[in-house]
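Me: Could you take a close look at the sheet in this model for me? I would like to see how it is put together and how it sits in the chain as a whole.

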Amino acid sequence: MALQSSTLQWLCSLLVLVGIANALKFDLIAHTGGESTKKERCIRNFVGQETLVVVTATVDGFKGDGMVVNMHVRDALGNEYGRPRDVVGESRVTFQSHADAAFDVCFENLFSGSRRPNPASRHVELDIDIGADAKDWSAIQATEKLKPVEAELRRIEELTEEIVQEMDYLRQREQKLRDTNESTNNRVKWFGVTTTWILIGLWAWQIMYLRAYFRSKHLI
């Protein structure tokens with residue numbers, strides 16, 4: 001029992017460290033705006049279809065300090081999930097993905113008014129939770145009256161299922177790419193064979209034509 005408890009604590013600690021490692025911190029430099037000078041900083045991640053995603057951004061500063069930070073969450077297929085404006089403090093965007101695609105979380109820092117603050121930047125801390133990590137396990141634990149260990153085991157179980165689903169998705173993608181590769185190889189092979197026979201036919205026709213031409217000129 002002690003060994004199982006120690007193993008569970010180790011797994012929980014590892015998952016906590018993984019969650020911390022997902023947080024990103026960076027400084028966002030302000031600019032004047034306009035399409036010609038648009039300077040977005042984007043962070044890209046991949047998500048499966050119908051997966052819960054929670055994007056949490058914490059931006060320092062205050063409103064009226066001469067800068068406006070805008071946030072834009074969209075995927076590679078053109079779906080938009082949120083466009084918070086003038087973000088200060090914590091801002092959260094929660095969405096259910098529409099398809100298997102990469103999504104971008106983009107930030108832009110614009111000067112507002114004639115004031116030019118110094119330093120002209122905002123510090124951003126970004127945390128992206130996907131799937132089981134995006135659920136509010138405290139609320140689930142309270143609703144279903146679970147013990148802390150039971151709630152953690154449920155979370156680990158869902159994380160394991162997500163890993164299995166992702167591996168299955170990668171296997172399907174690999175199989176599809178392999179089929180495409182084999183189909184391309186077959187097409188290239190038959191294209192090469194056809195081209196060879198066409199060249200042989202042209203070579204034979206050219207010899208026959210030259211022989212007929214030389215005979216008509218009484219050269220052979």
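Reply: Happy to! Let's start with the whole chain and then move in on the sheet. Keep in mind that this is a predicted model. Of the 220 residues in the chain, 28% are buried. The accessible surface amounts to about 15,200 Å², and carbon and sulfur atoms account for 58% of that area.

Three helices and eight strands make up the secondary structure. Followed along the sequence, they give the pattern α-β-β-β-β-β-β-β-β-α-α, with the run of strands coming after one helix and before two others. As for contacts, if you take those between residues at least 6 apart in sequence, 75% of them join residues at least 24 apart.

Now for the sheet itself. Four strands form an open sheet in the order β2-β7-β4-β5, and their pairing is antiparallel. The edges are held by β2 (41-47) and β5 (80-82); each has a single partner strand, so one side of each lacks a neighbour in the sheet. From one strand to the next, the twist averages 25°.

Between those edges, β7 and β4 sit side by side in the strand order. Strand β4 covers residues 67-75 and strand β7 covers residues 101-111, and nine bridges link the two in the antiparallel sense. If you would like a place to set your view, try Met71: its bridge partner in β7 is Phe107.

Conventions:
Residues numbered from 1 in each chain as written. Predicted model: local features only at pLDDT ≥ 70, side-chain atom pairs only at ≥ 80, totals over all residues. Heavy atoms only, no water. Pairing = 2+ DSSP bridges. Axes fitted to C-alpha atoms, helices over the stretch in contact; angles between N-to-C directions. Buried < 20%, exposed > 50% of the residue type's maximum accessible area, 1.4 Å probe, protein only. Contact = heavy atoms within 4.5 Å. Areas by Shrake-Rupley, 256 points an atom, 1.4 Å probe, with all protein chains shown as cover.
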